[in-house]
Amino acid sequence: DDIIRVFPTVPDCWGDVQFEDLRAQGAFLVSARMKDGRVRWVRITAGADRPCLVRNPWPDDDVVVESEGRRLVITGDTLSWPACRDVTYVLYPADARPSPEEMEPVITEMTDENSHWFGVKHVPRF
């Protein structure tokens, strides 16, 4: 249905989660951060001129969609706006604008001690 869902299956015990530039259906690159169990912001770059549909991660709040110095405030279960190719949109709750520092990627060095390619810390059984 082309609706972007941010963190749709993240367990409650994962309080701080982030991803960068995942490709979503409809030619969108999506990045987002969750802190203390709450989505802080979503960044979407459009790869085509088409409507962008996002399941609202803040259903009880007004949501700001900001791009190129313009702000659009929208509400509802599904957020929708006409996206333009190569334009980046930042979404956040109207009362909680993220700082530029908060939107920088957090790089965690992958070591043998904290993870491996399968994301678990024990040897899988075969």
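This text walks through a predicted model, from the whole chain down to single residues.

Start with the chain as a whole. Nine strands and zero helices make up its regular elements. Read from the N terminus, the elements run β-β-β-β-β-β-β-β-β. The chain has 126 residues, and 36% of them count as buried. It exposes about 8500 Å². Carbon and sulfur atoms supply 52% of that exposed area. Now take the contacts between residues at least 6 apart in sequence: 49% of these join residues at least 24 apart.

The strands can be followed sheet by sheet. One sheet is open and has six strands, in the order 2-3-4-9-6-7. Its pairing is antiparallel. Strand 2 (17-24) and strand 7 (70-74) are the edge strands, and each pairs on one side only. Neighbouring strands in this sheet are turned against each other by 20 degrees on average, direction ignored.

Another open sheet holds three strands, in the order 1-5-8. Here the pairing is mixed. Its edges are strand 1 and strand 8 (78-83), each with pairing on one side only. Strand 1 and strand 5 (residues 50-55) run parallel and are paired over two bridges. Within this pairing, Ile 4 has Val 54 in strand 5 as its bridge partner.

Return to the six-stranded sheet and enter from the edge at strand 2. Six bridges tie strand 2 to strand 3, and the two run antiparallel. Arg 23 stands opposite Leu 29 of strand 3. The two strands form a hairpin with three residues between them. In that turn, Gly 26 has a positive phi of about 100 degrees.

Strand 3 (residues 28-35) comes next. It is mostly covered, with six of its eight residues buried. On its way to strand 4, the pairing is again antiparallel, now over eight bridges. Phe 28 stands opposite Ala 46 in strand 4. Strands 3 and 4 also form a hairpin, with two residues between the strands. Asp 36 takes a positive phi near 55 degrees in this hairpin.

Strand 4 (residues 38-46) carries Arg 43. Is this arginine buried or exposed? Arg 43 counts as buried because its relative accessible area is 17%, under the 20% limit. Its side chain makes a polar contact of 3.0 Å with the side chain of Glu 20. Which residues does Arg 43 touch, leaving aside its neighbours within four places in sequence? The list begins with Glu 20 and takes in Leu 29, Val 30 and Ser 31. Thr 88, Tyr 89, Val 90 and Met 103 are also in contact with Arg 43.

Further along the sheet order, strand 9 (residues 88-93) meets strand 6 (residues 63-67). Four bridges join the two, which run antiparallel. Val 65 lies in strand 6. Its bridge partner in strand 9 is Leu 91. Why does Val 65 count as buried? Its relative accessible area is 4%, so it falls under the 20% cut-off. Neighbours within four places in sequence aside, its contacts include Tyr 89, Val 90 and Leu 91. Arg 70, Arg 71, Leu 72 and Ile 74 touch Val 65 as well, and so does Trp 81. Thr 88 gives a distance to hold on to: it is 23 residues from Val 65 along the chain, with 9.9 Å between the C-alpha atoms.

Last come the aromatic rings. A pair of such rings is described by the distance of the centres and the angle of the planes. The chain has two aromatic pairs. One of them is formed by Phe 7 and Phe 19. The ring centres are 5.2 Å apart, and the planes make an angle of 70 degrees. The pair counts as edge-to-face because the planes are over 60 degrees apart. Where do the two residues sit? Phe 7 belongs to the loop between strand 1 (3-4) and strand 2, while Phe 19 is in strand 2. Twelve residues separate them, and the pair links distant parts of the chain. Both Phe 7 and Phe 19 are buried.

Technical notes: Residues are numbered from 1 along each chain as its sequence is written. This is a predicted model: local features need pLDDT of at least 70, side-chain atom pairs count only at pLDDT 80 or more; totals for chains, interfaces and linings use all residues. Side-chain values use heavy atoms; hydrogens and water are left out. Two strands pair if DSSP finds at least two bridges between them. Axes are lines fitted to C-alpha atoms, for helices over the stretch in contact, and angles run from 0 to 180 degrees between N-to-C directions. Rings of Phe, Tyr and Trp (its six-membered ring) pair if their centres lie within 6.5 Å; planes under 30 degrees apart count as stacked, over 60 as edge-to-face and the rest as tilted. Buried means under 20% relative accessible area, exposed over 50%, partly exposed in between (1.4 Å probe, protein chains only). Contact means heavy atoms within 4.5 Å. A polar contact is a pair of N or O atoms within 3.5 Å; within protein, one must be able to donate a hydrogen and the other to accept it, and residues adjacent in sequence count only if both atoms are side-chain atoms. Accessible areas come from the Shrake-Rupley method with a 1.4 Å probe; for residues, only the protein chains shown count as cover.
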